[in-house]
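Please look through the structure below before reading on. The paragraphs after it go from one part to the next and explain each term where it comes up.

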Amino acid sequence: MITNNREDLSQSDAVLFHFTDKDLFLNDLPTKRLLSQVWALFINEPNIFVQESFTPWANVFNWTISYRRHSTVFMPYGMYEPIPKKLLPNVSRINPPIYPAQHRDKMAYAVVSRCADDAERYRLVNELSQYINVDYYGECGNLKCEIKHNSCLLPNTLRRYRFRLAFEDSNCRDYVTEKFWDTLSKGIIPVVNWKAAQRDTCSS
């Protein structure tokens, strides 16, 4: 059972702390802690975007939960599994419907809303735009999203594109976000900016 009721702290086997932009404070920790209780830190942002020092948090958490494979609990943004052979005859019902490429009249699109990023996605998008047609959506582009969702565009608009420039905002080890997985699920080919040897720390 999962609850956000703090009155149940004394009865909980584990306590989850979700670290996002400055919403985790030392003075907000529970005043009492059971010896048998696991305290787990959940963080899904790369280190480059975590501004605070984690020194004050030393020896506070038992577990880590994140996209990093060496976390206590590995929690990626998405994943894939091979299709069992017995299901192959029905594979068309598993995969997303693929709209034929000959009916797609647009080459590529990008959605970028964090303009100042460690991986300089805007530079890559602008450079590619010199050679192919790229529709640039989001706060960093010149086009507005049709819906407030990672895919940004409605299904009838998405089916017109062959590729999405699904660039990550940081080149961190194991950091593959919903941009990649969401693009695959829409039947579009994602173009990524992963490096052969992604950095361990992602620090600037």
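**Helix 3 and what surrounds it**

Just after helix 3 comes Gly187, which has a positive phi, near 75°. Helices here are DSSP runs of H or I with at least four residues, strands are runs of E with at least two, and both are numbered from the N terminus. The model is a predicted one, in which local features need pLDDT of at least 70 and side-chain atom pairs count only at pLDDT 80 or more, while totals for chains, interfaces and linings use all residues. Residues are numbered from 1 along each chain as its sequence is written, and side-chain values use heavy atoms, with hydrogens and water left out.

Helix 3 covers residues 178-185, and its buried residues are Lys179, Phe180, Asp182 and Thr183. Buried means under 20% relative accessible area, exposed means over 50%, and partly exposed lies in between (1.4 Å probe, protein chains only). The buried residues of helix 3 pack against helix 1, strand 7 (161-165) and strand 8 (189-191). A contact means heavy atoms within 4.5 Å.

**The chain as a whole**

The protein chain has three helices and eight strands. Along the sequence they follow the pattern β-β-β-β-β-α-β-α-β-α-β. The chain has 204 residues, of which 34% count as buried. Among contacts between residues at least 6 apart in sequence, 65% join residues at least 24 apart. The accessible surface of the chain comes to about 13,800 Å², and 54% of this belongs to carbon and sulfur atoms. Accessible areas come from the Shrake-Rupley method with a 1.4 Å probe; for residues, only the protein chains shown count as cover.

**Strands that pair**

Two strands pair if DSSP finds at least two bridges between them. Four strands form an open sheet in the order 1-2-3-4, with parallel pairing. Its edge strands, strand 1 (14-18) and strand 4 (73-74), each pair on one side only. Strand 3 (residues 63-66) runs parallel to strand 4 and is joined to it by two bridges. Ile65 stands opposite Val73 in strand 4.

Strand 7 pairs with strand 5 and with strand 8. Strand 5 and strand 7 run parallel and are joined by three bridges. Tyr109 has Arg164 in strand 7 as its bridge partner. Strand 7 and strand 8 also pair in the parallel sense, over three bridges, and here Arg164 stands opposite Pro190 in strand 8. In a regular strand the side chains alternate between the two faces of the sheet.

**Two disulfides**

A disulfide is a covalent bond between the sulfur atoms of two cysteines. Here a pair of cysteine sulfur atoms within 2.5 Å is taken as a disulfide, and by this rule the count comes to two.

One disulfide joins Cys115 to Cys140, with 2.2 Å from S to S. This pair links distant parts of the chain, 25 residues apart: Cys115 is in the loop between strand 5 (106-111) and helix 1 (121-128), and Cys140 is in the loop between strand 6 (134-137) and helix 2 (155-158). The torsion about the S-S bond of Cys115 and Cys140 is about -110°, so this disulfide is left-handed. Cys115 counts as partly exposed because its relative accessibility is 38%, whereas Cys140, at 18%, counts as buried.

Cys145 and Cys152 form a disulfide with their sulfur atoms 2.0 Å apart. Their link is left-handed, with -105° about the S-S bond. Is Cys152 buried or exposed? Cys152 is buried, because its relative accessible area is 0%. Its partner Cys145 counts as partly exposed at 35% relative accessibility.

**Positive phi and a surface patch**

Most residues other than glycine have a negative phi. Cys152, in the loop between strand 6 and helix 2, has a positive phi near 75°. Asp174 is not a glycine either, and has a positive phi of about 70°. Asp174 is found in the loop between strand 7 and helix 3, and is partly exposed because its relative accessible area is 22%.

On the surface, Met107, Leu128, Tyr131 and Ile132 make a nonpolar patch of about 370 Å². Patches are made of residues with over 30% relative accessible area and no salt bridge; like charges are joined within 9 Å, and nonpolar side chains (Val, Leu, Ile, Met, Phe, Trp, Tyr) within 5 Å. A salt bridge is a side-chain nitrogen of Lys or Arg within 4 Å of a carboxyl oxygen of Asp or Glu. Tyr131 is found in the loop between helix 1 and strand 6, and is exposed because its relative accessible area is 66%.
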